[in-house]
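Student: Please take a close look at one part of this model: the ligand site. Walk me through what surrounds the ligand and what touches it.

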Amino acid sequence: MSRKTMKRILVTGATGQIGSELTMELRKKYDGDNVVAAGHKRKPSEKLLESGPFEYVDITSKGNIEKVVKEYDIDTIYHLAAVLSATGEENPQLAWNVNINGLYNVLEVAREHDIRVFWPSSIAVFGPEAPRINTPQDTILIPRTIYGVTKVAGELLCNYYFTRFGLDVRSVRYPGIISSETPPGGGTTDYAVEIFYEAIRNRHYTCFVREDTVLPMMYMPDCINAALKLMEADSSQIKHRTSYNVNAMSFSAGELAAEIRKYIPEFKCEYEPDFRQKIADSWPMSIDDSVARREWGWNPKYDLASMTRDMIEKLKKRFAEGNF
Ligand SMILES: NC(=O)c1ccc[n+]([C@@H]2O[C@H](COP(=O)([O-])OP(=O)(O)OC[C@H]3O[C@@H](n4cnc5c(N)ncnc54)[C@H](O)[C@@H]3O)[C@@H](O)[C@H]2O)c1
């Protein structure tokens, strides 16, 4: 295959919640050897190590990124390395350094080596001034978290690299991601994953947001599909080079607990809001993603009922196999 048709992909943040599953999907699609997983500090899983190349990359070092890009002749980067919202509030300086300087390094290497980039933004770009119900694609962006600030700045930087240098960079604003493979890494929506583990393990969970807290969420298969579908779209379809709203489902913490109780009737959930409640209260409750649907055919598959059924099935199986 020629360099033009063959995909050589680098995934940063490959040991994270999304990266660990996206890497495996990309390896299925493009062959293990063509997808380089890049981690940082955290030990990679056996699955990740055995299915293709693995490298340690500190995203704050442009030299680190460039070395791997040259060695593997990379033409596409899925840039997932980041510090998330809750961890970011505990260390804003680190969040700025990793999220902004990391993205800048990726974009610069991409510009110099003619590489396409996928980079996820987040619903954290919205602040209390934006409409909280059916939040539109284009609206006021005044986030209150450092994480949100880095995502707004990142979106503008991506748009700048597209308009100024013609760099093919694409992005979606993910809502909270729910998955059963790798635990989430310090976000405000982590409760929507932890609740499943605790419901199955202990029949009890203490949730760190109020029962009536409603946030937009997405199940991992849709999350992966959003990235793949956006990257496969023809360039002419991508009219927004900041980032696209993508929605799947919205529910309150109480509604999630009630859905889990359909499978585990004795499950008890208590609510003890902490500092993350304030972050959740500044974010949208639901997202208008009609622009993504229209421009590149975004169409999620999972809702609260089908996601819950699948999560419980997968986690119960893993518990039964002692695979934790
Ligand atoms: N998970 C969600 O709910 C969610 C929602 C919206 C957006 N996103 C975005 O999706 C992307 C991936 O998120 P995730 O949930 O997989 O996060 P995660 O925390 O699970 O993984 C992020 C990874 O980044 C790596 N990292 C941190 N500092 C680094 C550095 N200096 N150099 C290289 N790597 C470093 C960490 O090792 C970690 O594996 C992020 O950009 C995040 O903002 C995630």
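Tutor: A polar contact here is a pair of N or O atoms within 3.5 Å. Keep that cut-off in mind; the model is a predicted one.

Start with Tyr-147. One of its polar side-chain atoms lies 2.5 Å from an oxygen atom of the ligand. Backbone atoms contribute too. A polar backbone atom of Gln-17 is 2.8 Å from a ligand oxygen. At Ala-82, a backbone N or O atom lies 3.2 Å from an oxygen atom of the ligand. Next, burial. Alone, the ligand exposes 820 Å², and the protein buries 92% of that. Its place is the largest pocket.

Now the shell. It holds 25 residues. Gln-17, Ile-18, Ile-59, Tyr-147 and Ile-177 are the closest. By class, 13 are nonpolar, 10 polar and two charged.

Where do they come from? At least two residues each are supplied by α1 (17–30), β6 (121–122), α6 (146–165) and β9 (176–178). Both domains take part: domain 1 (9–175 + 220–245) and domain 2 (177–217 + 249–320) each give at least three residues to the shell.

Methods: Residues numbered from 1 in each chain as written. Predicted model: local features only at pLDDT ≥ 70, side-chain atom pairs only at ≥ 80, totals over all residues. Heavy atoms only, no water. Near = heavy atom within 4 Å. Polar contact = N/O pair within 3.5 Å; in protein donor to acceptor, adjacent residues only side chain to side chain. Areas by Shrake-Rupley, 256 points an atom, 1.4 Å probe, with all protein chains shown as cover. 1 Å grid on protein atoms, 1.4 Å probe; cavity = no way out; pocket = protein on both sides within 12 Å on 5 of 7 lines; lining within 4 Å. Sits in = over half its atoms within 2 Å of the grid points. Helix = DSSP H or I, 4+ residues; strand = E, 2+ residues; numbered from the N terminus. Nonpolar A, V, L, I, M, F, W, Y, C, P; charged D, E, K, R; others polar. Domains from an automatic or database assignment.
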